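The report below takes up selected features of the structure shown here, beginning with a single residue and moving outward to the sheets, a helix and the contact between the chains.

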Number of protein chains: 2
Amino acid sequence: MSDEKLPARQEDFNEWYNQIVVRAELADYAPVRGCMVVRPYGWALWENITAALDRRFKATGHLNAGFPMFIPKSFLEREKEHVEGFSPELAVVTIGGGEVLEEPLVVRPTSETIIGHMYAKWIKSYRDLPVLINLWNSVVRWEKRTKLFLRTTEFYWQEGHTAHATADEAEAETRRMLDVYVDFAVNDAAIPVIPGLKSQTEKFAGAQRSYSIEAMMGDGKALQSGTSHNLGDNFARAFNIQYLDAQNVLQFCSTTSWGLSTRFIGAIIMVHGDDTGLILPPKLAPYQVVVVPIYKNDDERSLVLGEVDRLAGELGDLRVTIDRREGLTPGFKFNEWEMRGVPLRLELGPRDIAGQSVTLARRDRPGKSGKTSVPRQGLAAHIGEALADIQASLYDRALEARRARTHEPKDFAEFAQVVEQGFAFSWWCGRSECEAEIQEKTKATTRCIPFDQPSGSGACIHCGQTSQSKAIFARAY
Amino acid sequence: MSDEKLPARQEDFNEWYNQIVVRAELADYAPVRGCMVVRPYGWALWENITAALDRRFKATGHLNAGFPMFIPKSFLEREKEHVEGFSPELAVVTIGGGEVLEEPLVVRPTSETIIGHMYAKWIKSYRDLPVLINLWNSVVRWEKRTKLFLRTTEFYWQEGHTAHATADEAEAETRRMLDVYVDFAVNDAAIPVIPGLKSQTEKFAGAQRSYSIEAMMGDGKALQSGTSHNLGDNFARAFNIQYLDAQNVLQFCSTTSWGLSTRFIGAIIMVHGDDTGLILPPKLAPYQVVVVPIYKNDDERSLVLGEVDRLAGELGDLRVTIDRREGLTPGFKFNEWEMRGVPLRLELGPRDIAGQSVTLARRDRPGKSGKTSVPRQGLAAHIGEALADIQASLYDRALEARRARTHEPKDFAEFAQVVEQGFAFSWWCGRSECEAEIQEKTKATTRCIPFDQPSGSGACIHCGQTSQSKAIFARAY
């Protein structure tokens, strides 16, 4: 790893981000334009994210399945808004087995259409409902400007697809899964998020209503971190997803879809990271603790490594790695694991052993303030507490940072200023034209209309029309 | 589900298989030719397979990663045998984001080439070796004749890719991972397999040596169930995967790759299934136990369902499903769960409750012989034993079936006869021309040259030349 310092976040957030991704070995640039290779450390983080979500999906009754990556091009054309939204971004297979295909296949940008086709085949009666399926896969959207994790041609995600007997049930499911995302973001990723409704401009192509969770990054910009769509009967009508109700009358289903992707890794980096690198929340970190043995000669070496083994045995419930590499100084190892964001470092040398103690260094508090000597006895409990405290502190810090940069500007001039580096929470008329003008003038868009609203009404921050709700405006990734 | 009986295995093995896959709801035909939809029940089986393998991969030091599905077409052309082997099977993306691509992208048929490109970038010194990476993904090979799980255009698998300093280490890794597959097949899937070396004709395109595990299906045909390839320095030379050794001399790496796919689900079906449907080995079954409550009126219903809940609570460590569906007879439910291969059925009615017992029915022993009444007390232990016994019995039965159909024919006439419905274990000269002639005459090919060999030498079963080893010959899926 290069010894060079990272650019400071304050000075070049963009370059700071790009370097962390590569130097922490989360991901690398693939030889195909816009694609990424997720390296083992990044993949381990993604596996922990998937496990945390999958547990929640299964607890709410969802089952996983596998759908093909290829979709006949004609399928996309059946839902008008959907095809308009996704057409410009498609990768198209025109040759298979050496022959030009009669009908080109698109590589799925999302699976609503092929899901619709199969659900129409499987669902016959109200007894078959609800269908609650989730897919873990990758999808392809041809992007002009790409950035590792945040916007890549191929990305990894989950896409949930459900079918229901009534519109109310579909709406309840859409909201339930948004709640699942909030719970995951807050409790596992230590990221405060704002759940709310998307504007008409920002909603999913083909949805009746889209909801999202929005997070503030370290530079004050917003990242849409998860979305949940009530598709109404749009796809049910396009694909004939119908069922016989209890009175034997044919009805259209109501469907939903919801997704969270490897973009979320970008959020973790940009919310928690600091000028020395990544900081990972303990609940998702591939390694929660790194043990760095410290010795000067062979005698010390065998003493220390013996103790390290005993110690690792006691920490069996945690994700622990021991850096046994020879020929590298402890300082070099400290830097490397700080770059990689391991929440807690455990240093162990002859002096610690003599004093029946170990040295703990918290990644979220660099320097002396985060370093303590703790007794060797009861170490597992002590480490458990430290990890819980780091998890809580990361959340509090992120929430405080968001609060400090969230404003309720009194007029549009102030609005234009605050969205340069933060969120504006402002009355908004709800009109797409007004939103487009705001974007043109300030580069900010509505992120969502939060569920949490003041009572009453007010004047739109831009056009002055009477508005029933306030929206979060921000520049967005 | 249709009430119609399955075709008998003896009469129409092919149709028996096709119907089981669809009627047990493992998979369905996708609207894209040759592709499949893996339904939740099939996916749950695959998740258990992946968990069983992933545990073993991690225990042997491998890390997972994510590589792109697109590979520049020119990459494939760098290894001569590799491109010859895979060219006829490629799906090619020629359009991206509405524009014709300068260089077409192939959808990965396997990832050796893009792995080679990245490893060349990451590996600098002997200190970076070995690199032990595994990918869980799907790959695409354009197939003319397809069959669910066994041969589909897109299939799911894992592909391991490792790089080593020496040829010996690569060979050791290749064999180690074949051993992992044997361990998984025997101990988790209850499938006896024959590990051995592939012939030159049957080896992976680009490998120096390929090994496989071969299993006998219920019709006497063979299924290659997992493969492990020593790629020598073929890909290292094609992609410049080099390292500086301890003497600071530039050396080529030796690499390996190894894979096991959703084909293995086909093996589970065809090895264990019977004329009433699927039979799943308890260690991999999505549900190990299905509970069917039996009652005739509302009073009995509340009595029985109350007891079922208590009982399910006691079986928390097992994968248990309770069939609470109303309006279906117990007999209908029995048939459905037999089709779906749940290893153990637990029936509970008022009479069982009065007698403080439950009725257990083993899926591997249909009819009365597999049905016993066991005491309610100590039920969890009793069920644990029954599942272990089913797991062992399935293996023994499969091994016995293979033994009964494995022959050592005395001449080629007998050889031609036995390979119609079984394996021939025969001396073979090792020449590709001889293998091609055997195939032309009998439709049988060498499956592998087993590690387990008699001493000495013999005359080739076909051409009579002196041969140093015996091969397994069979018709194959």
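In this predicted model, B:D219 has 17 C-beta neighbours inside 10 Å and therefore counts as partly exposed, since a residue is called buried with 20 or more such neighbours and exposed with 12 or fewer. B:D219 is found in the loop between strand 10 and strand 11 of chain B. When its neighbours within four places in sequence are left aside, B:D219 is in contact with B:F13 and B:Q421. The C-alpha atom of B:D219 is also separated by 9.6 Å from that of B:R405, although the two residues are 186 residues apart along the chain.

The two strands that flank this loop belong to an open sheet of chain B, in which 11 strands follow the order 3-7-8-14-11-10-9-22-25-21-20 with mixed pairing. Strand 3 (63–64) and strand 20 (406–407) of chain B stand at the edges of the sheet, and because each has a single partner strand, one side of each is left without a neighbour there. Within chain B, strand 9 (residues 194–197) and strand 10 (residues 209–216) pair in the antiparallel sense over 4 bridges, and B:P195 has B:I213 of strand 10 as its bridge partner. Helix 8 (residues 263–272) of chain B lies across strand 8, strand 10, strand 11 and strand 14 of chain B, and runs at about 145 degrees to strand 11.

In chain A, strand 8 (residues 154–164) is largely enclosed by the rest of the structure, because 10 of its 11 residues are buried. Its pairings with strand 7 (residues 131–140) of chain A and with strand 14 (residues 254–261) of chain A are listed below, together with a pairing that joins the two chains.

| Strand pair | Sense | Bridges | Residue pair |
|---|---|---|---|
| Strand 7 and strand 8 of chain A | antiparallel | 10 bridges | A:V131 and A:A163 |
| Strand 8 and strand 14 of chain A | antiparallel | 8 bridges | A:G160 and A:W258 |
| Strand 5 of chain A and strand 5 of chain B | antiparallel | 5 bridges | A:V92 and B:I95 |

Helix 2 (residues 40–59) of chain A has 20 residues and reaches 28 Å from its first C-alpha to its last, close to the 28 Å expected at 1.5 Å a residue. Its buried residues include A:P40, A:W43, A:W46, A:I49, A:L53 and A:F57. An α-helix has 3.6 residues a turn, so residues three or four places apart point the same way. Just after helix 2 of chain A, A:G61 takes a positive phi of about 90 degrees.

How are the two chains arranged with respect to each other? A rotation of 180 degrees, with 0.0 Å of shift along its axis, superposes chain A on chain B with an RMSD of 0.0 Å, and the two copies are thus related as by a two-fold rotation axis. The C-alpha of chain A nearest the axis is that of A:V93, which is 2.1 Å from it.

The contact takes 40 residues from chain A and 40 residues from chain B. On the side of chain A that touches chain B, strand 5 (residues 91–96) of chain A gives the most, with 6 residues, and the residues of that side divide into 27 nonpolar, 8 polar and 5 charged. The copies meet through the same surface, because 100% of the interface residues of chain A are also interface residues in chain B.

How values were computed. Residues numbered from 1 in each chain as written. Chains lettered and ligands numbered in written order. Predicted model: local features only at pLDDT ≥ 70, side-chain atom pairs only at ≥ 80, totals over all residues. Least-squares fit on C-alpha atoms with pLDDT ≥ 70 in both. Contact = placed C-beta atoms within 7 Å. Expected span 1.5 Å × (residues − 1). Pairing = 2+ DSSP bridges. Axes fitted to C-alpha atoms, helices over the stretch in contact; angles between N-to-C directions. Nonpolar A, V, L, I, M, F, W, Y, C, P; charged D, E, K, R; others polar.
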